[in-house]
Structures are given as structure tokens and as C-alpha cells.
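Trainee: Could you walk me through how to read a structure like this one, feature by feature? I would like the general idea each time, and then the case at hand.

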Amino acid sequence: MRALATLALGALATPALAAPTLTDGIYSCTLDGAPLGQIRIVAETYQGVAVGGTFGAAEMYITMDPDRIEWLGGLGLLDQQGYRVDHTTITGIGGRPGFEITLLKPDQSDFVTATCTL
């Protein structure tokens with residue numbers, strides 16, 4: 001039983017099964033074409049823009065499946081504006097690294113999608 005568990009953990013660590021990470025940089029996010037804010041990615045951490053235009057504290061993120069992101073903390077202005085993250089999908093928009101954040105509107109009436117590109 002122990003050997004089987006060790007074998008299973010070893011398989012999860014193989015490069016073929018490793019989840020992708022985002023390209024380091026500052027991603028500009030828009031909602032319906034209007035600027036929404038920025039998110040800085042460095043390795044497996046991110047920082048959302050806080051009020052006043054400064055980046056907040058670094059938080060961790062993880063990638064799930066081949067293209068989903070789980071933010072392990074807040075997203076700065078998105079949180080402050082009352083949006084709630086439903087899910088985030090890694091995309092390659094126009095050949096540029098990016099992701100789309102599906103958000104629940106502050107009044108909880110509908111979902112909208114913010115597009116973030118490097």
C-alpha cells in the first residue's frame with residue numbers, strides 16, 4: 001500500500017502532469033473595454049492593485065487542471081469594488097499571455113468577464 005502511494009505521488013511530480021504557471025509581469029485587466037486594474041505575477045505569487053495605485057501584499061496562486069487559476073487571497077480593486085471571483089481561466093489572447101476572470105457582479109445579478117493580458 002505504501003509503495004502504491006509513493007508511486008502515485010511520484011507520478012504527480014512528473015513534468016507531463018505539472019500545471020502551468022503564468023508568465024511573470026504586470027497584467028492589465030479590462031471589463032467591457034474599460035480599465036479595471038492590474039495584477040502583478042512573480043513566480044507563483046500575485047499582487048492586486050490597491051486603492052491609490054500601489055500593489056498590495058503578495059499572495060499565492062495555484063493552477064488547477066491545465067488552465068484554471070485559484071487565487072489564494074484577495075484581488076485588490078476587484079474585491080474593493082464588490083466583485084466576487086467565480087473562476088479564472090488561463091488564455092492566450094492574441095498570442096499574448098493572459099487570463100480571464102469570471103466575476104459575480106456586486107449586486108449578484110449576473111456574471112461578467114474581465115480580460116487580463118501581459
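Mentor: Gladly! Let's begin with a single residue, Ala-57, which sits in the loop between β3 (45–48) and β4. Keep in mind throughout that this is a predicted model.

Trainee: Is Ala-57 buried or exposed, and how do I decide?

Mentor: The general idea is to look at relative accessible area, where a value over 50% means exposed. Ala-57 has 60% relative accessibility, so Ala-57 counts as exposed.

Trainee: Which residues is Ala-57 in contact with, leaving aside its neighbours within four places in sequence?

Mentor: Here the idea is to look for heavy atoms within 4.5 Å. With those neighbours set aside, Ala-57 is in contact with Tyr-46 and Gln-47. You can also compare sequence and space: Thr-45 is twelve residues from Ala-57 along the chain, and their C-alpha atoms are 9.8 Å apart.

Trainee: Now the backbone. What should I look for in phi?

Mentor: Most residues other than glycine have a negative phi. With that in mind, look at Asp-32, a residue other than glycine whose phi is positive, near 55°. Asp-32 belongs to the loop between β1 (25–31) and β2, and its relative accessible area of 74% makes it exposed.

Trainee: Where is Ala-43 found, and what is its phi?

Mentor: Ala-43 is in the loop between β2 and β3. Its phi is also a positive value near 55°. As for accessibility, the range between 20% and 50% is called partly exposed, so Ala-43, at 45%, counts as partly exposed.

Trainee: Let's step back to the fold. How many helices and strands does the protein chain have?

Mentor: Counting elements and then reading their order is a good habit. The protein chain has two helices and eight strands, and along the sequence they follow the pattern α-β-β-β-β-β-α-β-β-β.

Trainee: What do the chain-wide numbers say about burial and surface?

Mentor: For burial, take the share of residues under 20% relative accessible area. In this chain of 118 residues, 27% count as buried. The exposed area is about 7100 Å², and carbon and sulfur atoms supply 58% of it.

Trainee: What share of the contacts is between residues 24 or more positions apart?

Mentor: Among contacts with a separation of 6 or more, residues 24 or more positions apart account for 33%. For a local case, try Arg-84 in strand β6 (residues 84–93). Leaving aside neighbours within four places in sequence, Arg-84 is in contact with Thr-102, Leu-103, Leu-104 and Gln-108. Its C-alpha is separated by 9.8 Å from that of Ile-101, which is 17 residues away along the chain.

Trainee: How do I read a nonpolar patch on the surface?

Mentor: Look for nonpolar side chains within 5 Å of one another, in residues with over 30% relative accessible area. Met-60, Ile-62, Met-64 and Leu-72 form such a patch, with about 350 Å² of accessible area together. Ile-62 makes a good example: its relative accessible area is 36%, so Ile-62 is partly exposed.

Trainee: Where does Ile-62 lie, and which residues does it touch?

Mentor: Ile-62 is placed in strand β4 (residues 59–64). Not counting residues up to four places away in sequence, Ile-62 touches Arg-68, Ile-69, Glu-70 and Leu-72. That list includes Leu-72, a member of the patch. Glu-44 is 18 residues from Ile-62 in sequence, with 7.0 Å between the C-alpha atoms.

Trainee: And inside the structure, how many cavities of 30 Å³ or more are there?

Mentor: The idea of a cavity is a space where a 1.4 Å probe fits but cannot get out. The structure holds one cavity of 30 Å³ or more, and the largest cavity has a volume of about 60 Å³.

Trainee: Which element supplies the largest share of its lining?

Mentor: β2 does, with four residues. Both β2 (34–42) and α2 (77–80) supply at least two residues each. Among the lining residues are Cys-29, Gln-38, Val-49 and Leu-77.

Terms used
Residues are numbered from 1 along each chain as its sequence is written. This is a predicted model: local features need pLDDT of at least 70, side-chain atom pairs count only at pLDDT 80 or more; totals for chains, interfaces and linings use all residues. Side-chain values use heavy atoms; hydrogens and water are left out. Patches are made of residues with over 30% relative accessible area and no salt bridge: like charges are joined within 9 Å, nonpolar side chains (Val, Leu, Ile, Met, Phe, Trp, Tyr) within 5 Å. Accessible areas come from the Shrake-Rupley method with a 1.4 Å probe; for residues, only the protein chains shown count as cover. A salt bridge is a side-chain nitrogen of Lys or Arg within 4 Å of a carboxyl oxygen of Asp or Glu. Buried means under 20% relative accessible area, exposed over 50%, partly exposed in between (1.4 Å probe, protein chains only). On a 1 Å grid over the protein atoms alone, a cavity is a set of points where a 1.4 Å probe fits but cannot get out, and a pocket is an open set with protein on both sides within 12 Å along at least five of seven lines; lining residues have an atom within 4 Å of a point. Grid points are joined across faces, edges and corners, and a volume is the space filled by probe spheres set on the points.
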